[in-house]
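Let us take a friendly walk through this structure, one region at a time. Have the viewer open and follow along.

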Amino acid sequence: MIPVEQAEQLILESILTIPTEKVSIEAALGRVLAEDLCADRDFPPFNRVTMDGIAIRHEQLSKGQTSFFIEATAAAGSPEKTLQNAENCIEVMTGAMIPLGTDAVIRYEDIEIKDKTARITIDTNEIKTGQNIHPQGSDRKTGDVIVPKGRKLSPAEIGVAATIGKHEILVQRKLRAVVISTGEEIVPITETPLPHQIRTSNGFALQASLKNWGLETENVLLPDDQAVIEQKISVFMETFDVLILSGGVSAGKFDFVPKALENQGVKKLFHKVSQRPGKPFWFGKSAKGTAVFALPGNPVSTFMCLNRYFKKWLDASQGIENQQLMAELSEDFTFKPELTFFLQVKLSYTPTGKILATPVEGHGSGDLANLVEADAFLELPLERSLFKKGEVFKVFVYR
């Protein structure tokens, strides 16, 4: 049995190298960027007007001039205009190019216009050179990286891709995962279980998480039959990037998964972690690089291990850097066994922005219903048994 930190290290040493593909910008939302998105020109590409009003030559104000004849109008999208007479002005609209020969914009709210003459109605000392002008290249210069690879594409990044003309974007291929649930006591959700049976649920909870993280998935249910498990594992390792099994990894007579995996050439990197829930967790990797997460069958154990370990492995494989979230315990809590304990917690926020974690104790790792009352798992280290209100610990959020 190994500690949580060692388990995490072994998992992160086994990340995948993910192939890439090009997709249309319409299909890129939620995908992981595999190239830098760089500015194809300066941002903004010209000195841009930021307020509707008039553009003037600022030095005229020092000469005492407060009224300007309007010699032209510059709209957004029109070619650059030039001020012909320094004593005049040009009406300008937001988004337009600042006319040549002008260097300040005075908004309509600060002028009066009558008979093609704009008269300034504010103290001219308040008007500065460059006022209401967005300078060319002040946001980004040509060639600057705007979005680095390894970023999951949100609507903001899609907007950047569009403005630099990326109608096709290089992204990581979606990882393919199969979720395998084992157990004679489990029946499909379309069936009515007998008194000694339960409907399969772990597979659907895991599959929903994986879909939420952008993976392509399949969900299968297998009996506690070593030959069948081995045969399916052999097939799945040829077609999927990662196998996630639920159940059959403990020390019972019908826990065939560890042996089946080893018989199919999956190298065991660890089996059993000093934690609760999820102690029987098994992890390994095949010769061709397929990662295998064999999780305990109890629903809370399965769900915790997926969110604590698999999500970190996935982010590391995709090159996504996520800051570890921390939360403050809202009340004293005691846990005596010398194990890292993953406490189910409800999260809330203080007026100063602290994340508070309130324990939501259920009835053990089989209490699936308790997961809907909580939001996250708070990781309490094994060196201690008493955890005080106000202390801060790692938190793994699933809602």
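## Starting at M93

In this predicted model, M93 counts as partly exposed, with a relative accessibility of 24%. That label applies because partly exposed covers the range between the buried limit of under 20% and the exposed limit of over 50%. M93 sits in the loop between β6 and β7 (104-107).

Which residues does M93 touch, once its neighbours within four places in sequence are left aside? They are V49, D52, T73, A74, A75, A76 and Y108. For a sense of distance, the C-alpha atoms of M93 and H134 are separated by 13 Å, with their positions 41 residues apart along the chain.

## Q60 and Q65, a pair of glutamines

Next, please turn to helix α2 (residues 59-62), where Q60 is found. Q60 has a relative accessibility of 4% and counts as buried. Leaving aside neighbours within four places in sequence, its contacts are Q65, F68, A86 and E87.

Q65 belongs to the loop between α2 and β5. At 14% relative accessibility, Q65 also counts as buried. How are the side chains of Q65 and Q60 joined? A polar contact of 2.8 Å links them. The side chain of Q65 also reaches the backbone oxygen of E87, at 2.7 Å. Not counting residues up to four places away in sequence, Q65 touches Q60 and E87.

## Q84 on the outside

Is Q84 buried or exposed? Q84 is exposed, with a relative accessible area of 66%, and its place is the loop between β5 (67-74) and β6 (88-92). A polar atom of the Q84 side chain lies 3.2 Å from the backbone oxygen of T82.

If you want to span the model, try drawing a line from Q84 to S274: their C-alpha atoms are separated by 80 Å, and the two residues are 190 apart along the chain.

## The nonpolar cores

The largest nonpolar core has 39 residues, and F281, F293, F310 and W313 are those with the most contacts inside it. Two or more residues come from each of α1 (4-12), β13 (176-182), α4 (202-212), β17 (242-246), β21 (291-295) and α7 (299-318). Of these elements, α7 gives the most, with nine residues.

W313 is a good residue to centre the view on. Not counting residues up to four places away in sequence, W313 touches I11, L12, S14, I15, L16, L175, V242, A291 and F293. Apart from the largest core lies another one, of 19 residues, with V178, L222, V266 and W282 among them.

## Two pockets

How much space lies in the largest pocket? About 790 Å³. Its lining has 27 residues, and W213, N307, K311, F396 and V397 are the closest to the pocket centre. The elements giving two or more residues to this lining are α4, α7 and β28 (392-397), and α7 gives the most, with six. By class, the lining has 15 nonpolar, seven polar and five charged residues.

The second largest pocket has a volume of about 540 Å³. It is lined by 32 residues, of which E185, G247, P296, G297 and N298 are the closest to its centre. At least two lining residues each come from β13, β15 (198-199), β19 (275-276) and α7. Here the classes divide into nine nonpolar, 17 polar and six charged.

## Backbone details worth a look

Two peptide bonds deserve a stop on the tour. The bond from F43 to P44 is cis, with omega near -15°, and P44 lies in the loop between β2 (37-38) and β3 (48-49). The bond from R276 to P277 is cis as well, with omega near -5°; P277 is in the loop between β19 and β20 (282-285).

Positive phi values are next. N132 is not a glycine, yet its phi is positive, at about 60°; this residue is in the loop between β9 (117-120) and β10 (133-134). K272, likewise not a glycine, has a positive phi of about 90°. K272 lies in the loop between β18 (267-271) and β19 and counts as partly exposed, at 33% relative accessibility.

Key:
Residues numbered from 1 in each chain as written. Predicted model: local features only at pLDDT ≥ 70, side-chain atom pairs only at ≥ 80, totals over all residues. Heavy atoms only, no water. Helix = DSSP H or I, 4+ residues; strand = E, 2+ residues; numbered from the N terminus. Buried < 20%, exposed > 50% of the residue type's maximum accessible area, 1.4 Å probe, protein only. Polar contact = N/O pair within 3.5 Å; in protein donor to acceptor, adjacent residues only side chain to side chain. Core = buried A, V, L, I, M, F, W, Y, C linked by side-chain atoms within 4.5 Å. Contact = heavy atoms within 4.5 Å. 1 Å grid on protein atoms, 1.4 Å probe; cavity = no way out; pocket = protein on both sides within 12 Å on 5 of 7 lines; lining within 4 Å. Points joined across faces, edges and corners; volume = space filled by probe spheres on them. Nonpolar A, V, L, I, M, F, W, Y, C, P; charged D, E, K, R; others polar.
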